[in-house]
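Here's a friendly walk through one protein model. Have a look at it first, and then we'll go through it piece by piece.

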Amino acid sequence: MPITNPQLESEMVHIAKPSEVEHIRKLFKDADPLMQEIAYALITGNDKKVDELTKNSLDNGYSANTIMDDGLIAGMAIVGIKFLDNII
């Protein structure tokens with residue numbers, strides 16, 4: 001599944017290296033829209049939204065591993081690139 005969250009897709013403009021773009025897109029390849037929403041909330045520093053979405057996901061049967069891999073870790077990959085490039 002490609003990135004379907006338009007806000008998350010807008011974060012891709014901050015990634016300059018083609019290899020990093022490819023890596024990030026692979027991370028989100030299997031992420032459903034809720035996981036993409038968690039990632040975007042994390043990227044923008046909205047910790048209350050991350051907490052709310054994470055609890056909601058657990059309550060709706062998502063595994064902790066799915067939330068970590070497809071939401072939190074995938075979002076942190078973008079945060080790391082933006083930090084490295086002095087964007088944040």
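Helices here are DSSP runs of H or I with at least four residues, strands are runs of E with at least two, and both are numbered from the N terminus. Keep in mind that this is a predicted model, where local features need pLDDT of at least 70, side-chain atom pairs count only at pLDDT 80 or more, and totals for chains, interfaces and linings use all residues. Residues are numbered from 1 along each chain as its sequence is written, while side-chain values use heavy atoms, with hydrogens and water left out.

So what's the overall picture? The protein has five helices and zero strands, and from the N terminus on the order reads α-α-α-α-α. Its radius of gyration (taken over C-alpha atoms) is 12 Å, close to the 12 Å that the globule rule gives for 88 residues, so the protein is as compact as a globular protein of that length. That rule is 2.2 Å times the number of residues to the power 0.38. Along its principal axes, the C-alpha trace spans about 35 × 25 × 20 Å.

On to the inside. Buried residues (under 20% relative accessible area; exposed is over 50%, partly exposed in between, with a 1.4 Å probe and protein chains only) make up 38% of the 88 residues. The largest nonpolar core, meaning a set of buried Ala, Val, Leu, Ile, Met, Phe, Trp, Tyr and Cys residues joined through side-chain atoms within 4.5 Å, has 23 residues, and Ile 24, Phe 28 and Ile 78 have the most contacts inside it. Helices α3 (33-43), α4 (47-59) and α5 each give two or more residues to this core.

Which residues does Ile 78 touch, leaving aside neighbours within four places in sequence? Counting a contact as heavy atoms within 4.5 Å, its partners are Leu 8, Glu 11, Met 12, Ile 15, Ile 24, Phe 28 and Ile 43. Glu 11 has its own list, again not counting residues up to four places away: Tyr 40, Ile 43, Ile 78 and Lys 82.

Here are two residues side by side.

| Residue | Helix | Relative accessible area | State |
|---|---|---|---|
| Glu 11 | α1 (residues 6-11) | 8% | buried |
| Phe 83 | α5 (residues 64-84) | 57% | exposed |

Among contacts between residues at least 6 apart in sequence, 65% join residues at least 24 apart.
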